[in-house]
Amino acid sequence: MGNKVFVIIEDWRIDSGESGIKISVFSTYKKAKEEYFRLKENYLIDYESEDLKVEEIIEDDNTFIELEGTNECNADYFNIKVMDKYIED
C-alpha cells in the first residue's frame with residue numbers, strides 16, 4: 001500500500017492577477033497541522049479585508065483540513081488544503 005504522508009496545497013490569487021500554487025509534504029499529521037495553522041495566520045494577515053469571506057473545514061479523523069478565503073469586492077482568493085496521500089515504497 002505504501003507510506004502515508006500529509007500534503008499541504010496552497011492555491012492563491014491576488015486582484016492584480018498574480019497567482020501561485022505551492023505543495024509541501026510532511027511525514028506526520030501533527031507537523032502538517034502545525035504548518036497549516038502558521039499558514040492560516042499569515043494568509044489572514046495578508047488578505048485582511050472587511051470583505052473577506054473565510055470558510056474552514058477540519059475533519060475529526062485527522063486526515064483533512066481546508067481553509068478558503070474569497071473577497072466579494074475583488075479577485076483575491078486563497079485555498080489551503082491538508083490531506084493524506086499514500087506514496088509507493
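Modeller: A salt bridge is a side-chain nitrogen of Lys or Arg within 4 Å of a carboxyl oxygen of Asp or Glu. This is a predicted model, in which local features need pLDDT of at least 70 and side-chain atom pairs count only at pLDDT 80 or more, while totals for chains, interfaces and linings use all residues. Residues are numbered from 1 along each chain as its sequence is written, and side-chain values use heavy atoms, with hydrogens and water left out.

Biologist: Which residue does Glu56 meet in a salt bridge?

Modeller: The N to O distance of this pair is 3.0 Å. Glu56 lies in strand S3 and its partner in helix H1, so the salt bridge ties together parts 16 residues apart in sequence. Helices (H or I, at least four residues) and strands (E, at least two) are DSSP runs, numbered from the N terminus. The partner of Glu56 is Lys40.

Biologist: Is Lys40 buried or exposed?

Modeller: Buried means under 20% relative accessible area, exposed over 50%, and partly exposed in between (1.4 Å probe, protein chains only). Glu56, at 35%, is partly exposed. Because the relative accessibility of Lys40 is 19%, Lys40 counts as buried.

Biologist: Why do the buried residues of H1 lie on the same side of the helix?

Modeller: The buried residues are Tyr29, Ala32, Glu35, Tyr36, Leu39, Lys40 and Tyr43. They share one side of H1 because the directions from the helix axis to their C-beta atoms cover an arc of only 150°.

Biologist: Which residues are exposed on the other side of H1?

Modeller: The buried residues of H1 are covered by elements including strands S1, S2, S3, S4 and S5, where contact means heavy atoms within 4.5 Å. On the other side, the exposed residues are Lys30, Glu34, Glu41 and Ile45.

Biologist: What distance does H1 reach from its first C-alpha to its last?

Modeller: H1 comprises residues 29-46, 18 in number. The expected span, 1.5 Å times one less than the number of residues, is 26 Å. Close to that expectation, H1 reaches 25 Å.

Biologist: How many residues apart are Asp84 and Lys4?

Modeller: These two form a salt bridge, with the closest N and O atoms 3.5 Å apart. Asp84 is partly exposed at 22%, and Lys4 is partly exposed at 34%. The pair links strand S5 to strand S1, distant parts of the chain, at a separation of 80 residues.

Biologist: How many salt bridges does the rule count?

Modeller: Among them is the pair of Lys81 and Glu66, at 4.0 Å from N to O. Lys81 is in strand S5 and Glu66 in strand S4. The count of salt bridges comes to five.
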